[in-house]
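Reader: I've got a new model open and I'd like to learn how to read its features one by one. Could you take me through it?

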There are 2 protein chains.
Amino acid sequence: MSNSKLYKGSLTTIILKLLNEHDKMYGYEITQKVKELTKGELKITEGALYPALHKLEAEGLLDVEVAKVDNRLRKYYKLTETGTKETVNKLEELAEYIKTMQALVNPKLA
Amino acid sequence: MSNSKLYKGSLTTIILKLLNEHDKMYGYEITQKVKELTKGELKITEGALYPALHKLEAEGLLDVEVAKVDNRLRKYYKLTETGTKETVNKLEELAEYIKTMQALVNPKLA
DNA sequence: AATATATACATAATTTTCTTATGTATAAGA
DNA sequence: TCTTATACATAAGAAAATTATGTATATATT
């Protein structure tokens, strides 16, 4: 995912946020979009992505819809209602995380 | 550590930064300082902290010095020269992480 | 005096999340 | 023809945390 360990735990937030913006996406598309948005800084590996998608689906945050494009399989994921609510929570947690870390790292500004 | 999974992977950064500011600290003191600086938002658990300190020591980033205060044991940790350099790296990684996540979560501002 | 809480360390079992490696299959480009 | 891109998947192992214990002393509460 990256040389930095800080990304551990943020994959779910990333997936949910992208699906919140793009309505429906398939796995490979997510990896490409992340690479594009971060200018190559962050690469989502398949070994992390697919299990994460399956888990989110199992938890009822994502719905899946299979399609065949150019004779190749695609699994389109989209947020459920619960998933949309959870996206809001995850984004709040991210904002809170950043605030907390800044308080630790830059206590003068707190 | 917190209800949010985002803190996973940031403990080392937190420890190094606190030691960079406070010269020498012991484990329990670190847990209290974090609680104080984050107004209770973040609680470092012992099961995470002590193994992390031992690892940083083993890697040569921290030096340890045992003291007895009020008939109780304290292990004071301080940054080695290597540890000071690594602190700079970790803080750069944190800044980069925040930048990257903001690009993902708020692409309009990127 | 007894009990609970705070201080101070530690480790073991388990869980979560990720990396790395591997596997299948089709399409497109060199 | 061979490599790269597209598109999915899982298994083995590593890393970092949680949760549960354990030891021990000091202080505060009942």
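**Reading the sheets and the interface**

Author: Sure, let's start with a sheet: in chain A, three strands make an open sheet in the order S1-S3-S2, and the pairing is antiparallel. Because S1 and strand S2 (62-69) of chain A stand at the edges with a single partner strand each, one side of each is left without a neighbour in the sheet. From one strand to the next, the twist averages 35°. This is a predicted model, where local features need pLDDT of at least 70 and side-chain atom pairs count only at pLDDT 80 or more, while totals for chains, interfaces and linings use all residues. Residues are numbered from 1 along each chain as its sequence is written, chains are lettered from A and ligands numbered from 1 in the order in which they are written, and side-chain values use heavy atoms, with hydrogens and water left out.

Reader: What do "strand", "pair" and the angles stand for?

Author: Helices (H or I, at least four residues) and strands (E, at least two) are DSSP runs, numbered from the N terminus. Two strands pair if DSSP finds at least two bridges between them. For angles, axes are lines fitted to C-alpha atoms, for helices over the stretch in contact, and the values run from 0 to 180 degrees between N-to-C directions.

Reader: Over how many bridges do S2(A) and strand S3 of chain A pair?

Author: Eight, in the antiparallel sense, with S3 of chain A covering residues 72-79. To see the register, look at Asp63(A), which stands opposite Lys78(A) in S3(A). Helix H2 (residues 27-37) of chain A packs on this sheet, touching S1 and S3 of chain A, and its direction makes about 95° with that of S1(A). Touching here is contact, that is, heavy atoms within 4.5 Å.

Reader: How many helices and strands does chain A come to?

Author: Four helices and three strands. Read from the N terminus on, the elements of chain A run α-β-α-α-β-β-α. The C-alpha atoms of chain A fill a box of roughly 60 × 30 × 20 Å along the principal axes.

Reader: And chain B, what is the strand order there?

Author: S1-S3-S2, an open sheet of three strands with antiparallel pairing. Its edge strands are S1 (24-26) and S2 (62-69) of chain B, each pairing on one side only.

Reader: How do I follow the register through S3 of chain B?

Author: Go bridge by bridge. S1(B) is joined to strand S3 (residues 72-79) of chain B by three bridges, running antiparallel. Met25(B) has Tyr77(B) as its bridge partner, and Tyr26(B) has Tyr76(B). H2(B) packs on the sheet against S1 and S3 of chain B, its direction at about 95° to that of S1(B). Helix H3 (residues 46-58) of chain B also packs on the sheet, touching S2 and S3 of chain B, at about 125° to the direction of S2(B). Between S2(B) and S3(B) there are eight bridges, again antiparallel, and Val64(B) stands opposite Tyr77(B).

Reader: When should a backbone torsion catch my eye?

Author: Most residues other than glycine have a negative phi, so a positive one deserves a look. Asp23(A) has a positive phi of about 65°, and it sits in the loop between helix H1 (11-22) and strand S1 (24-26) of chain A. In chain B, phi of Asp23(B) is near 65°, and that residue lies in the loop between H1 and S1 of chain B. There's also Asp70(B), with a positive phi of about 55°, in the two-residue turn of the hairpin formed by S2(B) and S3(B).

Reader: How much area is buried between chain B and chain A?

Author: About 3,000 Å², of which carbon and sulfur atoms give 70%. Buried area is the accessible area (1.4 Å probe) that two parts lose on being put together, summed over both. In chain B, Leu6(B), Tyr97(B) and Leu104(B) lose the most area to chain A, together 22% of what that side buries. In terms of contacts, 31 residues of chain B meet 31 residues of chain A.

Reader: How many salt bridges are counted between the two chains?

Author: Zero, taking a salt bridge as a side-chain nitrogen of Lys or Arg within 4 Å of a carboxyl oxygen of Asp or Glu.
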